[in-house]
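The following exercises invite the reader to examine a protein model step by step. Each task is followed by a worked solution.

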Amino acid sequence: MARREREKQVEYHQRRLDELKNVRKPWESAWQACADFIEPTRLRLSSRAEGPISREKIVDSTATLAHRTLSSGMHSGITSPARPWFRLAPRDREMRDYAPAKEYTNYTETLMRSVFNRSNLYPTFHLGYGDQGLFGQSCALLVEHPTDVIRLQRVQHGRFWIARDHTGRATTLYREFRWSIQRIIDRFGLENVSSRVRTAYDTSKYDECITICHAIEPRSTREVGNPSKRHKRFSSNYWEADSHEGKLLEESGFDSNPIIAPAWEISADDHYALSPGQIALGDVKMLQTEQMRKLEGIDKKVRPPMTGPTSMRNNPRSLLPGSVTFVDDPTGKGYRPAMEVNFQLSELMADIRETQQRIDRAFYADLFLMLQNMDGIQPRNVMEIAERKEEKLLALGPVLENIYNDQLEVVIDRTYEILNERGELPPPPVELQNQDLEIEYISVLAQAQKAVSTGAVERGLSFLGNLAAVKPQAADKLDEDKTVDAYFDMIGVPPDIVRSRDDVDKDRQERAEQQQQQAAMQQMVSIAPAAKDGAEAARILSDGDSGGGSAAELLSRLGIAG
């Protein structure tokens with residue numbers, strides 16, 4: 001691209017960035033309040049220098065701890081690195097029992113889990129869940145890595161601006177970040193930076209930081225089929241924020257959308273989302289005020305304001321325990337409290353506990369710590385524990401769907417594409433070529449959601465069992481194979497331990513043949529004496545050796561009871 005065209009590109013990006021900043025502006029005050037009173041380290045609304053962030057507005061840390069519980073609970077419940085949380089399967093259910101298809105999907109799953117484990121995917125997910133709970137939005141970029149296959153670049157909240165398409169997917173991302181001169185030179189090369197950066201580098205100001213801008217969005221004009229980075233579906237351009245030279249540091253692109261930006265709860269056509277932190281903000285502020293009032297009341301009760309005679313204004317005095325103050329006062333009263341503080345803490349403490357419980361519910365801490373928060377009530381059995389958890393999961397269901405669709409599915413699809421482009425995947429079976437694979441989530445929370453449906457299956461089987469005891473023909477209504485498959489799918493049984501339909505049919509056919517052979521042998525055993533006796537009778541009759549007796553006598557001679 002010519003120099004003038006590259007300068008026009010920077011002008012366009014800067015104009016688009018200003019528009020996106022205006023769209024996001026109304027949300028920033030709510031985000032700042034959530035950060036101030038819950039977790040200040042998670043927000044950067046300005047390109048401030050590195051350093052500690054004050055927590056002076058946080059007196060009671062209930063919201064901070066609830067936010068931490070939400071982040072950890074979602075990470076372990078949705079994408080725990082310690083256990084499988086997804087599986088791949090053909091969309092055609094008949095193909096799921098096909099052995100080559102099962103081998104291909106099992107190998108692909110194992111490979112992708114290995115890639116996820118050696119990348120930074122899981123730490124970034126954990127931070128992202130915290131951002132969703134606090135601000136309603138997280139953002140990251142999934143890029144290819146030369147050795148780890150993928151890398152998830154987390155974007156600091158407050159330093160990015162997004163726009164969503166008609167489906168609600170984030171397709172445009174503008175972000176800003178501060179890098180040192182040394183990092184900029186290492187990343188983009190000395191020949192691509194501005195004269196200001198080159199001067200700083202030549203004068204050894206390696207740690208001086210400047211702001212870099214990065215824009216990712218669908219490329220409006222490109223040559224389809226051109227392998228150049230400048231003609232990929234999504235553009236990826238960098239430039240210096242405060243440079244007057246107006247040139248790009250780098251012009252590149254992506255074949256598919258690399259933006260991972262799941263929302264907690266989107267309203268209408270908004271680009272940003274509502275969060276538990278915003279819902280709980282009123283209670284969080286009230287809790288800080290109540291704790292301050294409680295401390296003030298205790299302080300006034302322990303150290304009340306005092307009054308004393310004016311004659312002691314210039315005399316030595318002390319209010320420390322065990323000290324003596326000599327008073328030359330005709331009244332003999334000396335120091336006394338200016339007011340009688342009769343502060344009742346019980347009512348205030350009760351309201352504080354109620355407020356803390358509301359904050360825990362807003363952050364779903366009561367769900368993730370359900371077993372610890374049963375208030376001494378012992379569940380009668382394991383089923384009761386499951387039912388309590390399932391009941392609470394109903395409120396979290398829509399949020400999980402957003403995470404499945406806008407985060408996990410995007411990560412799995414893009415990782416699959418990168419592995420396929422690098423030639424690290426085996427060729428699929430002929431039956432699976434040009435067919436999409438279906439993603440099924442089998443995490444703890446996903447299985448808990450599915451387990452809600454198992455109650456209907458169990459009640460149906462119980463009803464059928466009772467009915468079949470009276471009307472045996474009612475059992476003919478049940479398809480046992482489909483029932484087992486459906487139930488195993490609901491509770492997340494690994495598919496590799498479930499035998500295919502072909503193997504089951506083969507075993508049933510062999511079992512039926514063995515039963516037929518056993519029945520034939522038993523029949524032969526039962527008719528063998530009769531056959532022997534019949535042969536003896538025929539011999540007697542043919543020899544004329546009936547003895548002239550009756551039929552009963554003949555049977556008696558043959559050893560057959562009459």
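**Exercise 1: A salt bridge between a strand and a helix**

Task: In this predicted model, the side chains of Glu 240 and Arg 196 form a salt bridge, with N and O 3.9 Å apart. Determine which elements the pair links, and whether Glu 240 is buried or exposed.

Solution: Glu 240 belongs to strand β7 (residues 234-240) and Arg 196 to helix α7 (residues 195-202). The two residues are 44 residues apart, and the pair links distant parts of the chain. Glu 240 has a relative accessible area of 5%; because buried means under 20%, Glu 240 is buried. Arg 196, at 38%, is partly exposed.

**Exercise 2: A salt bridge between a loop and a strand**

Task: Explain what the salt bridge of Arg 230 and Glu 251 (3.5 Å, N to O) ties together.

Solution: Arg 230 is in the loop between β6 (209-218) and β7, while Glu 251 is in strand β8 (residues 248-254); the pair therefore ties together parts 21 residues apart in sequence. Arg 230 is partly exposed at 36% relative accessibility, whereas Glu 251 is buried at 13%.

**Exercise 3: The span of a helix**

Task: Check the span of helix α4 (residues 99-118) against the value expected at 1.5 Å a residue.

Solution: The helix has 20 residues. The expected span is 1.5 Å times one less than the number of residues, so helix α4 should span 28 Å. Its end C-alpha atoms lie 29 Å apart, which agrees. Among the buried residues of α4 are Tyr 104, Leu 111 and Phe 116.

Key. Residues are numbered from 1 along each chain as its sequence is written. This is a predicted model: local features need pLDDT of at least 70, side-chain atom pairs count only at pLDDT 80 or more; totals for chains, interfaces and linings use all residues. Side-chain values use heavy atoms; hydrogens and water are left out. Helices (H or I, at least four residues) and strands (E, at least two) are DSSP runs, numbered from the N terminus. Buried means under 20% relative accessible area, exposed over 50%, partly exposed in between (1.4 Å probe, protein chains only). A salt bridge is a side-chain nitrogen of Lys or Arg within 4 Å of a carboxyl oxygen of Asp or Glu.
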